[in-house]
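Got the viewer open? Here is a short tour, one selection at a time.

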Amino acid sequence: MAASATLVSVDEKIEKLRTEVAKLDQIRSQIEWSKIQTPTDEVVVPYDTLASPPEDLEETKKLLDKLVVLKLNGGLGTTMGCTGPKSVIEVRNGFTFLDLIVIQIESLNKKYGCSVPLLLMNSFNTHDDTQKIVEKYANSNIEIHTFNQSQYPRIVTEDFSPLPSKKSGKDGWYPPGHGDVFPSLNNSGKLDLLLSQGKEYVFVANSDNLGAIVDIKILNHLISNQNEYCMEVTPKTLADVKGGTLISYEGRVQLLEIAQVPDEHVNEFKSIEKFKIFNTNNLWVNLKAIKRLVEADALKMEIIPNPKEVDGVKVLQLETAAGAAIRFFDKAIGINVPRSRFLPVKATSDLLLVQSDLYTLVDGFVTRNPARANPANPSIELGPEFKKVANFLARFKSIPSIVELDSLKVSGDVWFGSGITLKGKVTITAKPGVKLEIPDGAVLENKDVNGPQDL
């Protein structure tokens, strides 16, 4: 009898899960389009209007001693052909993302005599490797903490059973998105530790965003105005049309993601006229507020259904985004920051930008070359031959000069020599089965190259 009762309860649970998952599409219709309002400058504060931080070093030290930097370190470098955590890909001058982050915080701690700690939120995919990697920073002047985010079982779409019940190993599980940062920070015990050290704010950012550096002006504003949450947004370009945006909705500031937009309004959402800003995922959050909301189980972020396929089995991952938590915090704001604070490296085309003369590296900070007149970066499109970091590096003897480049499109078996300069609009296409080599010292300006005869 007990066994059949158990079976009934399992069947009931699966049925309940099936019903709840079916409801997930309602995320799209939770927003009443007519109620959306454009946020005012009080809600999304222009960066230029922020007060200057105190000039007194001791006052700045007091501000920074309230801060913690947390980098989201759960992603692997697989899309760029690398094994292990993405944060250990070499970005420039032999330094990895993680090296640069550590050098930046070291410089800050040294300059102001403060002690800003670094937290890394790993996933089960990156945890073991990261533990080994951080050992090399043992002699730095930073306290480094690592903790793991949750791991959830993937759900088999066909019968809504958990994948680990059918398949052993890591593939049955997934990290449930960066919205999990708040409960995981609490569950790990790190939140209590930081509060006991007198820390007040955490600056959360993706480990691959080279522009996400500590900004004393922002920190000063949040502490002065007691804002519990701040999302950095920046003006949208045509490359960012799918990024989430901030709206005012029923009296609160809220993140609007493309998945929540009704089909008939998707084009309007993507336009840069109505929705002019997008979320950089640089977030500043008050630690006491995180504690309060997590303990009250009040962070009910929208669930994002993410369909995947594992060894031919269709599965569903249910994820949340940290930016969606904005509406639960008091005095939450956005700050419209310069584009320089958003410099993510998602593909080798981004690596080309940051390794070129368009940027310089000083004290771990990647800074844009003032010789570039155009405020926008060049648009770069590299073919699949360049997708993996190793192939990308092999195909360039040295990274070309691109300070005066507007756009570059490369397709086919193309190889670059050293000391090349690219200007204006350049397209390079190697015909199928033909190896096309761009010679050392070549200067290509507004050129369409389809073979050696065009060089």
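Start by selecting Gln-226, which comes after helix H7 and has a positive phi, near 55°. Keep in mind as you click around that this is a predicted model.

Now step back into H7 itself, residues 216-225. Colour the helix by accessibility: 8 of its 10 residues are buried, so H7 is largely enclosed by the rest of the structure. The buried set consists of Ile-216, Lys-217, Ile-218, Leu-219, Asn-220, His-221, Leu-222 and Ile-223. Note that a lysine, an asparagine and a histidine sit in that list alongside the isoleucines and leucines. Zoom in on the start of the helix next, where a side-chain oxygen of Asp-215 comes to within 2.9 Å of the backbone nitrogen of Lys-217.

Next stop, the other side of H7. Select Glu-228, found in the loop that runs from H7 to strand E12 (229-235). Is Glu-228 buried or exposed? With a relative accessible area of 12%, it falls under the 20% cut-off, so it counts as buried. Show what surrounds this side chain: leaving out residues up to four places away in sequence, Glu-228 touches Tyr-201, Trp-284, Val-285, Asn-286, Ala-289, Arg-292, Phe-329, Asp-330 and Lys-331.

Two of those neighbours deserve a distance label. The Glu-228 side chain reaches the backbone nitrogen of Asp-330 at 2.9 Å. Glu-228 also makes a salt bridge with Arg-292, with 2.9 Å between the closest N and O atoms. That pair connects distant parts of the chain, since Arg-292 belongs to helix H9 (residues 287-295) and the partners are 64 residues apart. Compare the two ends: Arg-292 is partly exposed at 39% relative accessible area, whereas Glu-228 is buried at 12%.

Staying with charges, a general reminder: side chains of opposite charge can pair when their charged atoms come close. How many salt bridges are there in this model? The count comes to 24.

For one of them, select Lys-346 and Asp-208, whose side chains meet at 2.9 Å, N to O. Lys-346 is in the loop between strand E18 (333-336) and helix H10 (348-355), while Asp-208 is in the loop between strand E11 (201-206) and H7, so this pair ties together parts that are 138 residues apart in sequence. Here, Lys-346 is partly exposed at 46% relative accessibility, and Asp-208 is buried at 5%.

Then jump to Asp-297 and Lys-300, another salt bridge, with the closest N and O atoms 3.3 Å apart. Both Asp-297 and Lys-300 are exposed. While you have charged residues on display, pick out Glu-32, Lys-35 and Glu-250 as well: salt bridges with shared partners join these into one network.

Last stop: switch to cartoon and find the open sheet of 3 strands, ordered E9-E17-E16 and paired antiparallel. Which strands are at the edges? They are E9 (155-156) and E16 (304-310), each of which pairs on one side only. Follow E16 across to E17 (residues 313-319): the two run antiparallel and are joined by 7 bridges. To finish, put sticks on Glu-309 and Lys-314, since Glu-309 stands opposite Lys-314 in E17.

How values were computed
Residues numbered from 1 in each chain as written. Predicted model: local features only at pLDDT ≥ 70, side-chain atom pairs only at ≥ 80, totals over all residues. Heavy atoms only, no water. Helix = DSSP H or I, 4+ residues; strand = E, 2+ residues; numbered from the N terminus. Buried < 20%, exposed > 50% of the residue type's maximum accessible area, 1.4 Å probe, protein only. Polar contact = N/O pair within 3.5 Å; in protein donor to acceptor, adjacent residues only side chain to side chain. Contact = heavy atoms within 4.5 Å. Salt bridge = Lys/Arg side-chain N within 4 Å of Asp/Glu carboxyl O. Pairing = 2+ DSSP bridges.
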